[in-house]
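Trainee: Got a minute to go through a structure with me? I'd like to get a feel for the fold before I do anything with it.

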Amino acid sequence: LSSPSGLTHESHRKDVEQVYLRCSEGSIEWMYPTGALIVNLRPNISPASYKHLTVCIKPFKDSAGANIYLEKTGELKLLVRDGDRSPSRVYCFGYDQGGLFVEATPQQDISRKITGFQYELMSKGMAADLHTASAPCRPCSDTEVLLAVCTSDFVIRGSIQNVTNEAEEQESIIHVGVNKLYRQKSKVFQLTGESGNWRGQIKTLLECGVKPGDGDFLFTGRMHFGEARLGCAPRFKDFQRMYKEAKDKGLNPCEIGPD
């Protein structure tokens, strides 16, 4: 978390402050913004790998007081306009497309303003999984499912207990009852209540039209800004079939034990 403050630059309202961030994910909170911030993302990897990175930012719900631009060689491209209240909106761009330039907008009372956003750096392949522009709701092929089992942040066998639709955010929340937990990167799925049942929530696009239904599914996906995002989710019996077929041919990319 980086938390610069504009009050230290009150007498130099046109100051531009440089911020250097080494972590692959985190957040910026700019209190009482004046002047501008140049946000330099410098992850601890080889510079040769930078071209394979995607940067995503998610403004805080109450972020205000500045415009956020993508800057490259002096040219500015507006990413987030001050006052834009698009809920849960995520903005992504290639690392090589430029850096972040955050410029304060004129305010009568800067003490009431805080500009902030979360950021994540990820490989372009992973970002494509999360932000598939074409056919985001299409079923995965057998090959995609088997690869998702090996590379996803979470892999569980479970059932859909309920689906909550959030029209404003254009998202659906899948409430999942977990029968078997193969892997999870973060503790999204946890034991709840005295019954000792595992529960968790997975988000997906509203347009995918997910409905509660009977039977077990294999849920896979990525963690994105602290939330589980749905990837491939075949019916569990279909996953068992494709896993056995691939294993018999020696083509399964990793072992998981589907029973």
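What follows is a chat about sheets, disulfides, one loop residue and the nonpolar core.

Mentor: Sure, and keep in mind that this is a predicted model.

Trainee: Okay, sheets then. What is the order of the strands in the open sheet of 4 strands?

Mentor: The order is β2-β9-β4-β7, with antiparallel pairing. β2 (25–31) and β7 (91–94) are the edge strands, each pairing on one side only. On average, and ignoring direction, neighbouring strands of this sheet are turned by 20 degrees against each other.

Trainee: How many bridges join β4 to β9?

Mentor: There are 7 bridges between β4 (residues 53–59) and β9 (residues 114–123), and the two run antiparallel. One pair to click on is C56, whose bridge partner in β9 is E120.

Trainee: C56 is a cysteine. Which residue does C56 form a disulfide with?

Mentor: With C92, and the sulfur atoms sit 2.0 Å apart. C56 is in strand β4 and C92 in strand β7, so the disulfide ties together parts that are 36 residues apart in sequence.

Trainee: Which hand does the disulfide of C56 and C92 have, right or left?

Mentor: The S-S torsion is about 105 degrees, so this disulfide is right-handed.

Trainee: And is C56 buried or exposed?

Mentor: C56 is buried, because its relative accessibility is 0%. C92 is another story: at 32% relative accessibility, C92 counts as partly exposed.

Trainee: How many disulfides does the structure hold?

Mentor: It holds 4 disulfides. If you number the bonded cysteines in sequence order, the pairing reads 1-2, 3-6, 4-7, 5-8.

Trainee: Let's take another one. What does C140 join to?

Mentor: C140 is joined to C232, with an S to S distance of 2.1 Å. That link is left-handed, with -90 degrees about the S-S bond. C140 lies in the loop between α1 (124–130) and α2 (142–151), while C232 lies in the loop between β15 (227–230) and α3 (236–248), so this pair ties together parts that are 92 residues apart in sequence.

Trainee: Is C232 buried or exposed?

Mentor: C232 is buried, with a relative accessible area of 9%. Its partner C140 is partly exposed, at 28%.

Trainee: What about C150, which cysteine is C150 joined to?

Mentor: C150 is joined to C254, S to S 2.1 Å. The torsion about that S-S bond is about -100 degrees, so the disulfide is left-handed. It links distant parts of the chain, with C150 in helix α2 and C254 in the segment after α3, 104 residues apart. C150 counts as partly exposed at 24% relative accessibility, and C254 also counts as partly exposed, at 22%.

Trainee: Switching topic. Where does T105 lie?

Mentor: T105 lies in the loop between β8 (99–104) and β9.

Trainee: It's on a loop, fine, but why does T105 count as buried?

Mentor: Because its relative accessibility is 16%, and the cut-off for buried is under 20%.

Trainee: What does the side chain of T105 make a polar contact with?

Mentor: With the side chain of D82, at 2.7 Å. Leaving out residues up to four places away in sequence, T105 touches G65, A66, N67 and D82.

Trainee: Nice. How do β5 and β6 pair?

Mentor: They pair in the antiparallel sense over 5 bridges, β5 covering residues 66–72 and β6 residues 75–80. The two form a hairpin with 2 residues between them. K72 stands opposite E75 in β6.

Trainee: Which residue in the turn has a positive phi?

Mentor: T73, with a phi of about 45 degrees.

Trainee: Last one, the core. Which residues have the most contacts inside the largest nonpolar core?

Mentor: L41, I57, L79, L100, V102 and F117, in a core of 25 residues. As background, nonpolar side chains tend to be buried together in soluble globular proteins.

Trainee: Pick V102. What is V102 in contact with?

Mentor: Leaving aside neighbours within four places in sequence, V102 is in contact with several residues, including W30, L37, V39, I68 and F117. A66 and N67 are also among the contacts of V102, and T105 touches A66 and N67 too.

Key
Residues are numbered from 1 along each chain as its sequence is written. This is a predicted model: local features need pLDDT of at least 70, side-chain atom pairs count only at pLDDT 80 or more; totals for chains, interfaces and linings use all residues. Side-chain values use heavy atoms; hydrogens and water are left out. Two strands pair if DSSP finds at least two bridges between them. Axes are lines fitted to C-alpha atoms, for helices over the stretch in contact, and angles run from 0 to 180 degrees between N-to-C directions. Buried means under 20% relative accessible area, exposed over 50%, partly exposed in between (1.4 Å probe, protein chains only). A polar contact is a pair of N or O atoms within 3.5 Å; within protein, one must be able to donate a hydrogen and the other to accept it, and residues adjacent in sequence count only if both atoms are side-chain atoms. Contact means heavy atoms within 4.5 Å. A disulfide is a pair of cysteine sulfur atoms within 2.5 Å. A nonpolar core is a set of buried Ala, Val, Leu, Ile, Met, Phe, Trp, Tyr and Cys residues joined through side-chain atoms within 4.5 Å.
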